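Biologist: Could you take me through one part of this model in close-up? I'd like a single glutamate first, then whatever else helps to place it.

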Amino acid sequence: MQFVDEASIIVEAGKGGNGCLSFRREKFVPKGGPDGGDGGHGGSVYLIGDESLNTLIDFKYQRFYKAQNGQPGQGRQMSGKGGDDLHVKVPVGTTLIDEDTLEVIADVTEPGQVVLVAQGGRRGLGNIHFKSSTNRAPRRTTPGTEGERRNLRLEMKVMADVGLLGMPNAGKSTLIRSVSAAKPKVANYPFTTLVPNLGVVKLGMHEHFVMADVPGLIEGASEGAGLGLRFLKHLTRTRLLLHVVDVAPFDESDPVDAAQAIINELEQFSATLAERPRWLVLNKLDLLPEDERESRVADIVSRLAWDGPVHRISAISGDGTQALVQAVYRWLTEQRRLEAEDETAAEHERDMRARMEAEAVARAESRLSRKRKRDEDEDDDFDDDDYDVEVEYVQ
């Protein structure tokens, strides 16, 4: 299945049914009076979180979603049937943004979460509502109102506790294959993941967490180079970042330069995301002679001026991976306990998520502004005179 994590759709609620203009007509009832019924309310459009979905590919082929209109009222005070609501399933982890106002409507983070995105039109009133002692035969009704129409942008971010960060071919996919049941493609040549992969890391009964492997970054990713900019957003929902560094690159490049480039791109993409706890994971130690491993590790840590946790692993052989995932699980468990017991810690987490969402909206606004400018520039290339062509015949 193709992975699609962004989509633009149009949702339109149903129109309310018109009120009915009718008068009672029965034998032996000479003055029946008004009996026009009301119209039905228009159907609304709702989006529902569904954990069985992991891509927005359906919205690539169907972009317009409309709820049912309400039926008009009828005589004998019969109201029209209300339009059926439309329920559209989206993956859990989808952010809903109004493309016209750039308002974040909602963040679908729970299975079964229901979000109203387009309100159905109100019903019209029949003439029975307008009778009075001075107006016994009203010919007045009201029409149903139009349903709400919105241009929505859907942005899906994978729901994971831990995110893997690093250059292409650093061994992130091998690591997630080693510690979970996820099976992303790996190869013994320079290769990068093309789509995010999620893996559930299980340590025991009811002891597990979700790890996300996103496409590797290259220098300039924060400005759109490679796949990094498109997929860095998937790390914004994680609580912990594991910075995977290849200590023995096949091209003999400097691991410190590669690690520093990733840190720079992360900071340029999102200052808030760069504040997330980040651990250094030095991978592929099995490619170094045993007597060189400690000196190589010490050199990398020293030159990076790294003062956080450091883990030494070989993802392909599994050395050090269990110690890593156990440390991650203990850290996640402690963080959840702190947030449950300490309101300050919980407020800090909410603040970080709010700031990252604000940065996401700013990036979306910037993209739309650039798109509008390109469209305007293209329109400026043409005018009415462009279709007046002079033909010169040459003998």
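Which backbone atom lies 2.9 Å from a polar atom of the side chain of Glu148?

Modeller: That's the backbone nitrogen of Gln119, 2.9 Å from a polar atom of the Glu148 side chain. Before going on, bear in mind that this is a predicted model, where local features need pLDDT of at least 70 and side-chain atom pairs count only at pLDDT 80 or more, while totals for chains, interfaces and linings use all residues. Numbering runs from 1 along each chain as its sequence is written, and side-chain values use heavy atoms, with hydrogens and water left out.

Back to Glu148: look for it in the loop between strand E7 (114–118) and strand E8 (149–156). Helices (H or I, at least four residues) and strands (E, at least two) are DSSP runs here, numbered from the N terminus. Glu148 counts as partly exposed because its relative accessibility is 32%; buried means under 20% relative accessible area, exposed over 50%, and partly exposed in between, with a 1.4 Å probe and protein chains only.

As for its company, leave out residues up to four places away in sequence and Glu148 touches Val11, Glu12, Ala13, Val117, Ala118 and Gln119; contact means heavy atoms within 4.5 Å. Glu12 sits 136 residues from Glu148 along the chain, yet their C-alpha atoms are separated by 5.8 Å. Long-range pairing shows up chain-wide too: of the contacts with a separation of 6 or more, 74% are between residues 24 or more positions apart. The whole protein chain has seven helices and 14 strands, and 46% of its 395 residues count as buried.

For another glutamate, try Glu339 in helix H6 (residues 321–341). Glu339 counts as buried because its relative accessibility is 18%. Its side chain makes a polar contact with the side chain of Arg239, at 2.6 Å. A polar contact is a pair of N or O atoms within 3.5 Å; within protein, one must be able to donate a hydrogen and the other to accept it, and residues adjacent in sequence count only if both atoms are side-chain atoms. Beyond its neighbours within four places in sequence, Glu339 is in contact with Arg239, Ala345, Ala346 and Glu349.

One last stop is Ser173, in helix H2 (residues 172–179), which counts as buried at 9% relative accessibility. An unreviewed UniProt entry places the feature "binding site" at Ser173 and Thr193; such positions follow the numbering used here, feature names are shortened, and annotations may be inferred rather than shown by experiment.
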